[in-house]
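Thank you all for making the time this morning. I would like to take you through one model, slowly, and then spend most of my time on its cysteines.

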Amino acid sequence: MDGNAHLARPNVKILCDDNLPLRGFLVCLDCGHLITGSASSGLSENKYYYYHCQSPCKYRYKSEIVNNRFLEVLQALEMRESIKKYLKRC
């Protein structure tokens, strides 16, 4: 394997969290760095989940909105009819 295989995502540690499933897979729209995610506790002790940039650009967005938008995009995708027919035969 050549040494450039992991340039797109070097040293990315992805932890599974149901509230932050896209952590480590998103790129900041403002600066291009990888986006991580974390939880913040509010005054009521409830946890609020956010995706945020690791650089000083301060990009931050509610995980619920990002996750829902991602699901909407996935649901809008449709396979070509020829692929559906091929998969039904298998």
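I will begin with the overall fold and the surface, and then turn to the cysteines.

Please keep in mind that what you see is a predicted model. The chain has 2 helices and 3 strands, and if you read along the sequence you will meet them in the pattern β-β-β-α-α. Of the 90 residues in the chain, 18% are buried, and the accessible surface comes to about 7700 Å², with 54% of that surface belonging to carbon and sulfur atoms. As for how the chain meets itself, if we take the contacts between residues at least 6 apart in sequence, 28% of them join residues at least 24 apart.

Now to the cysteines, where the question I would put to you is how many disulfides a search of the whole structure finds. The search finds 0 disulfides. Cysteine 28 is in no disulfide, and the nearest cysteine sulfur to it, which belongs to cysteine 57, lies 3.5 Å away. Cysteine 57 is likewise in no disulfide, its nearest cysteine sulfur being that of cysteine 28. The pair is not counted because a disulfide here requires the two sulfur atoms to be within 2.5 Å, whereas these sulfurs are 3.5 Å apart.

Which of these two cysteines is buried, and which is partly exposed? Cysteine 28 is the buried one, with a relative accessible area of 3%, while cysteine 57 is partly exposed, with a relative accessible area of 29%.

Notes. Residues are numbered from 1 along each chain as its sequence is written. This is a predicted model: local features need pLDDT of at least 70, side-chain atom pairs count only at pLDDT 80 or more; totals for chains, interfaces and linings use all residues. Side-chain values use heavy atoms; hydrogens and water are left out. Buried means under 20% relative accessible area, exposed over 50%, partly exposed in between (1.4 Å probe, protein chains only). Helices (H or I, at least four residues) and strands (E, at least two) are DSSP runs, numbered from the N terminus. Contact means heavy atoms within 4.5 Å. Accessible areas come from the Shrake-Rupley method with a 1.4 Å probe; for residues, only the protein chains shown count as cover.
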